[in-house]
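User: I'm new to this structure and would like a close look at one part of it, the ligand site and what lies around it. Could you walk me through it?

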Amino acid sequence: MKIVFATSNNHKASEIRKMIPQNWELLTLVDLGITEDIPETGATLQENAEIKANYVFQKCHIPVFADDTGLIVDALDGRPGVFSARYAGEYATYLENCQLLLHEMQGIANRAARFETSICYIDAQGYKRFFLGEVKGNILNEITGTNGFGYDPLFQPEGFLATFAEMPAEQKNAISHRAKAFLQLYSHFNNISGNANI
Ligand code: IMP
């Protein structure tokens with residue numbers, strides 16, 4: 001089956017590639033030659049996922065899914081949330097975003113946070129479905145680990161001593177927000193398998 005993951009983020013693509021069967025052909029924006037930034041103007045993760053999926057579906061008419069992820073920090077009233085990519089500015093690097101988060105969390109005892117992922121899937125007929133994944137954890141006091149991307153070096157998932165950035169990709173993938181959302185999409189495919197609408 002041929003499906004587009006509407007991302008140009010290699011980290012995200014490689015996480016999903018580890019979860020799909022060998023007979024899937026997973027294309028990314030790079031493979032489709034879509035190089036422009038898709039404006040993420042939604043007020044929620046779900047709206048942004050829908051904007052990205054719509055944009056790509058209009059161009060290629062192949063089944064497509066897009067994800068949008070946010071880090072929701074309790075002590076910051078849910079920030080950076082939908083602004084996670086642009087937390088420290090429009091073109092902020094992962095490191096700059098992590099540094100700003102550390103700065104804002106200085107002296108705060110409540111370190112509780114969660115990642116949320118919304119996936120929007122559009123099938124060959126243009127029908128949309130949404131899937132959510134979440135993982136709870138804590139924000140550490142310093143950057144720890146070099147794997148992964150984004151806020152991974154600051155995020156210690158509940159029940160683990162390691163941050164996401166200290167885990168092998170397979171371990172992050174077993175518990176992550178994106179993996180949980182994708183597994184729901186995957187079971188949706190299994191439920192309708194044999195159906196040409198995929
Ligand atoms: P996006 O809009 O879904 O690409 O995600 C927004 C921002 O959230 C990214 O720029 C990353 O900083 C962060 N992010 C997304 N997914 C992850 C993840 O799996 N781990 C850590 N940070 C992430």
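Analyst: Let's start with a word we'll lean on: contact means heavy atoms within 4.5 Å. Also keep in mind that this is a predicted model.

Start with the ligand itself. The ligand sits in the largest pocket. Two elements give two or more residues to the shell around the ligand: strand β3, residues 64–73, and helix α6, residues 177–191. The shell counts 16 residues, and the closest of them are Lys 12, Asp 68, Asp 152, Lys 172 and Arg 178.

Now zoom in on the atoms. Asp 152 has a polar side-chain atom 2.6 Å from a nitrogen atom of the ligand. For Asp 68, a polar side-chain atom is found 2.8 Å from an oxygen atom of the ligand. Thr 69 takes part through its backbone: one of its polar backbone atoms is 2.9 Å from a ligand oxygen. How much of the ligand's surface does the protein bury? On its own the ligand would expose 470 Å², and the protein buries 93% of that.

Next, look at Asp 67. This residue belongs to strand β3. Asp 67 counts as buried because its relative accessible area is 1%, and the cut-off for buried is under 20%. Its side chain makes a polar contact of 3.2 Å with the side chain of Thr 69, and Thr 69 is the residue whose backbone we just met beside a ligand oxygen. Setting aside residues up to four places away in sequence, Asp 67 touches Phe 5, Lys 12, Ala 49, Lys 52, Thr 117, Ser 118, Ile 119 and Arg 178. Two names there should ring a bell: Lys 12 and Arg 178 are also among the closest residues to the ligand.

From here, hop over to Asn 9. You'll find Asn 9 in the loop between β1 (2–5) and α1 (10–17). Is Asn 9 buried or exposed? Asn 9 is buried, because its relative accessibility is 17% and anything under 20% gets that label. Its side chain comes to 2.8 Å from the backbone nitrogen of His 11. The side chain of Asn 9 also forms a polar contact with the side chain of Tyr 94, at 3.4 Å. Leaving out residues up to four places away in sequence, what Asn 9 touches is Tyr 94 and Phe 149.

Let's move on to helix α3, which spans residues 45–60. Gln 46 is in this helix, and with a relative accessibility of 38% it counts as partly exposed. Gln 46 and Phe 130 make a nice pair to find on your screen: they are 84 residues apart in sequence, yet their C-alpha atoms are 7.6 Å apart in space. Gln 46 touches Phe 130 and also Ser 118, again not counting residues up to four places away in sequence. Ser 118 has come up already, as one of the residues that Asp 67 touches.

Lys 59 is in helix α3 too. Its relative accessibility is 49%, so Lys 59 counts as partly exposed; the exposed label needs over 50%. Apart from neighbours within four places in sequence, Lys 59 is in contact with Ile 34 and Glu 36. Try tracing the path from Lys 59 to Gly 42 as well: they are 17 residues apart in sequence and 20 Å apart in space, C-alpha to C-alpha.

Finally, a few backbone oddities. Most residues other than glycine have a negative phi, and most peptide bonds are trans. His 61, which is not a glycine, has a positive phi of about 55°. His 61 lies in the loop between α3 and β3, and it counts as exposed because its relative accessibility is 52%. Asp 77 is another residue other than glycine with a positive phi, near 55°. Asp 77 is in the loop between β3 and β4, and with 76% relative accessibility it counts as exposed. As for the peptide bonds, Arg 79 and Pro 80 are joined by a cis one, with omega about -5°. Pro 80 itself is in strand β4, residues 80–81.

Conventions. Residues numbered from 1 in each chain as written. Predicted model: local features only at pLDDT ≥ 70, side-chain atom pairs only at ≥ 80, totals over all residues. Heavy atoms only, no water. Helix = DSSP H or I, 4+ residues; strand = E, 2+ residues; numbered from the N terminus. Buried < 20%, exposed > 50% of the residue type's maximum accessible area, 1.4 Å probe, protein only. Polar contact = N/O pair within 3.5 Å; in protein donor to acceptor, adjacent residues only side chain to side chain. Near = heavy atom within 4 Å. Areas by Shrake-Rupley, 256 points an atom, 1.4 Å probe, with all protein chains shown as cover. 1 Å grid on protein atoms, 1.4 Å probe; cavity = no way out; pocket = protein on both sides within 12 Å on 5 of 7 lines; lining within 4 Å. Sits in = over half its atoms within 2 Å of the grid points.
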